[in-house]
Protein chains: 2
Amino acid sequence: MVKHRANIKDVASRAGVHPSTVSRVLNPATRSMVSEDLAAEITRIADELGYRRNPLASGLRTQKSYTVAIVIPDLTNPVFPPIVRGVEHTLDAHGYNAILADSGSKQRSEKGIIENMKARQIDGLILAAARRKDLIVNDCIEEGIPLVLVNRTVDTHNVAAVINDDELGIELALKHLIELGHRCIAYIGGPQNTSTGYTRYQTFLKTSKKFGLPVDRDLITNAKAYTEPAGEAALEHIMRFEKKFTAILTANDLLALGCYDAMHAHGLNCPVDISVTGFNDMPYVDRFNPPLTTLHIPLDELGVQAALLLLERMQNPEVPATQLRLAPRMVIRGSTTSPAETPPPNK
Amino acid sequence: MVKHRANIKDVASRAGVHPSTVSRVLNPATRSMVSEDLAAEITRIADELGYRRNPLASGLRTQKSYTVAIVIPDLTNPVFPPIVRGVEHTLDAHGYNAILADSGSKQRSEKGIIENMKARQIDGLILAAARRKDLIVNDCIEEGIPLVLVNRTVDTHNVAAVINDDELGIELALKHLIELGHRCIAYIGGPQNTSTGYTRYQTFLKTSKKFGLPVDRDLITNAKAYTEPAGEAALEHIMRFEKKFTAILTANDLLALGCYDAMHAHGLNCPVDISVTGFNDMPYVDRFNPPLTTLHIPLDELGVQAALLLLERMQNPEVPATQLRLAPRMVIRGSTTSPAETPPPNK
DNA sequence: TAATGGTCTGCAATCGTTTGCAGAGAATAC
DNA sequence: GTATTCTCTGCAAACGATTGCAGACCATTA
């Protein structure tokens, strides 16, 4: 006594018409081909039977799955959940489902992901952590899979993306530190194969000059990854030069956390000995010790906009790719203060 | 010049056999029906052409989609990402994809989620935040959709679940506080319509008695939700009775965080004035101020086991549902210490 | 009245797999 | 030598939807 889920044939026979007529009625694009009252009648019957289109069958025929993939390197990085949530909600509201693909920690190559996408007739892709030259991106373009980058972008400029205004962010952070009275500011950036790592680094150099700050290469380094250990290692590296500095501008909250670790290991206090700024304002950095001064990025909104952009591109793959840039906002907390009178920060 | 993705017919004609033969070879269960060398030859050709089975077509025929849904209430709650990641990796390794359904914050009813599942031929469901009497659970059982609960379970005992050993957890926490010398211990629990909220509460009462502690109802309350504001409100509530207590045992890290807030508002120091324990050991609680003493739950492992259990149940829906219970581990950090000599904790 | 055009609906092929059934051929039994 | 069994492969019908084409019907025009 299995309750058979109503299919298009059931609806058709109940309405005394051919399945194709039902199909046309239920598809907004072809609904006008069927006469008004018959269409109404069919809709009624479909409702009555609780008919839902079978996406597998439909997808098989039309090469569409109403499914998009969202690729992230590591869900446990607190930056991503808000983005994913924004994406998922928006897609859901438009009848799409999101399948999650964790690229980073899994062995399967990017090629494997793309293969899976194609096999599953994925309609589009949201990529949350592209590198500046990313294979997935090329693959997608070659295969004609609609693609939107979020959070990071790539060097080539013909791909849609929703990103943060990194230049504004670095400028805000630097200005904040300068206003507090800092002059010797170290910089810990991110991997140079990411757009954020690259742009933030370049902007730090440029803006330092603009503000007339001394630029000491020994106080500037780029971490190998956006992780706490990498941040810790980076600060250890800088400290080895025994140069004076009173603040560190980091390109990422996790790097800032790593700085906390290194400072702790050296018996230094933040912010008394050294001020630290982060980037991203990931959840709970306000609860850290000390609460992190950082740049707030509207992560949810990033996700929402990326989803909207993707929906648009899936409708209309031909329109030129647009890049959307959202403005960050400085959030001042306990990790920054004016430099101490007695300046030697290295012990 | 569209590069046509190789399908089963291409492989068949290249091998000079019928598509059905190819299908049999490529399906482990039927592979033995085909002679050894022909099978080998076909496999070779399939590889050569880069053939991948089309899951839509396959699913249409077999009523399987190789897709499971994972339903969580809020991805930004740090407890869930590790679970989701564990699930996703495990499923992926077995050829399944995970679609994400955020149940909590979205308007769509649970009924709507189930509808979507059925329409999409979802093979199974992992539910990360069931309430003790949950509609989705009943729906799934009625519809015969394989289901595994993770993190929380339901009152009826015939449903598969992977959960934490809450009784052990509460006992460990209580023992820890007692060993530090605490005798007057407040309890802030979770919503009673969740299995964790209910079990932890009951266990706290039972274990207090067992250890010969005085049980003062004024020091015991259950928060309305597992959130910081709810935790803060709960502690405010308890403080209104102006009873003496030197420690708070909470049923959740976020509740513990809420306690930090309330204590801060009252000028109380943790752990000097009051010790606090959490539950879950969510990411980054070790960075809080003070670092939270809490119960570590292997969240990743919870996800992995849930996925494995689901895979098993999808293979074999008839086997009786098993409940897997993972042991938590006490992680002692900075939020607990021995009670002060001068005990008045309320100011 | 016949021809033309327009509107609507049905027919049947198709998407890529899977699988019950049948048949071909070889091997074994009598 | 025929009957029986066994092993292997092909045939064709599904799964549930979509869509180009054709044809039925009605209305309009010459």
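Hi everyone, let's start at the DNA. In this predicted model, DNA strand D is surrounded by 26 residues, and the closest of them are Asn7(A), Ile8(A), Ser20(A), Ser23(A) and Ala57(A). Which elements supply that surface? Those giving two or more residues are α1 (8-15), α2 (19-26) and α4 (55-62) from chain A, along with α2 (19-26) and α4 (55-62) from chain B. By class, the surface near DNA strand D splits into 11 polar, 10 nonpolar and five charged residues.

Now to how the two protein chains meet. Here 36 residues of chain A are in contact with 36 residues of chain B. On the chain A side, the elements with two or more residues touching chain B are α4, α5 (80-93), β2 (97-102) and α6 (110-119). Helix α5(A) gives the largest share of that side, seven residues. And the make-up of that side of chain A? It has 17 nonpolar, 11 charged and eight polar residues.

How are the two copies related? Chain A superposes on chain B, with an RMSD of 0.6 Å, through a rotation of 179° and a shift of 0.3 Å along the axis. The copies are therefore related as by a two-fold rotation axis. If you'd like to find that axis on screen, look for Ile99(A): of the residues of chain A, its C-alpha comes closest to the rotation axis, at 2.0 Å. The interface fits this picture nicely. Of the interface residues of chain A, 100% are also interface residues in chain B, so the copies meet through the same surface.

Let's move along chain B to a sheet. This one is open, with four strands in the order β7-β6-β8-β9 and parallel pairing. Why do β7 (220-222) and β9 (275-277) of chain B each have one side without a neighbour in the sheet? Both stand at the edges with a single partner strand, so that side is left free of a neighbour. Direction ignored, neighbouring strands here are turned by 15° against each other on average.

Zooming in on one pair, strand β6 (residues 185-189) of chain B runs parallel to β7(B) and is joined to β7(B) by three bridges. As one detail, Tyr187(B) has Ile220(B) in β7(B) as its bridge partner.

Finally, the helices on this sheet. Helix α8 (residues 166-180) of chain B lies across β6, β8 (247-250) and β9 of chain B, at about 160° to β9(B). Helix α11 (residues 253-265) of chain B also packs on the sheet, where α11 touches β6, β8 and β9 of chain B, and its direction makes about 150° with that of β8(B). Thanks, everyone!

How values were computed:
Residues are numbered from 1 along each chain as its sequence is written. Chains are lettered from A and ligands numbered from 1 in the order in which they are written. This is a predicted model: local features need pLDDT of at least 70, side-chain atom pairs count only at pLDDT 80 or more; totals for chains, interfaces and linings use all residues. A residue is near a molecule or strand if its C-beta atom, placed from the backbone, lies within 6 Å of it. Ala, Val, Leu, Ile, Met, Phe, Trp, Tyr, Cys and Pro count as nonpolar, Asp, Glu, Lys and Arg as charged, and the others, Gly among them, as polar. Two residues are in contact if their C-beta atoms, placed from the backbone, lie within 7 Å. Two strands pair if DSSP finds at least two bridges between them. Axes are lines fitted to C-alpha atoms, for helices over the stretch in contact, and angles run from 0 to 180 degrees between N-to-C directions. Copies are superposed by least squares on the C-alpha atoms of residues with pLDDT of at least 70 in both.
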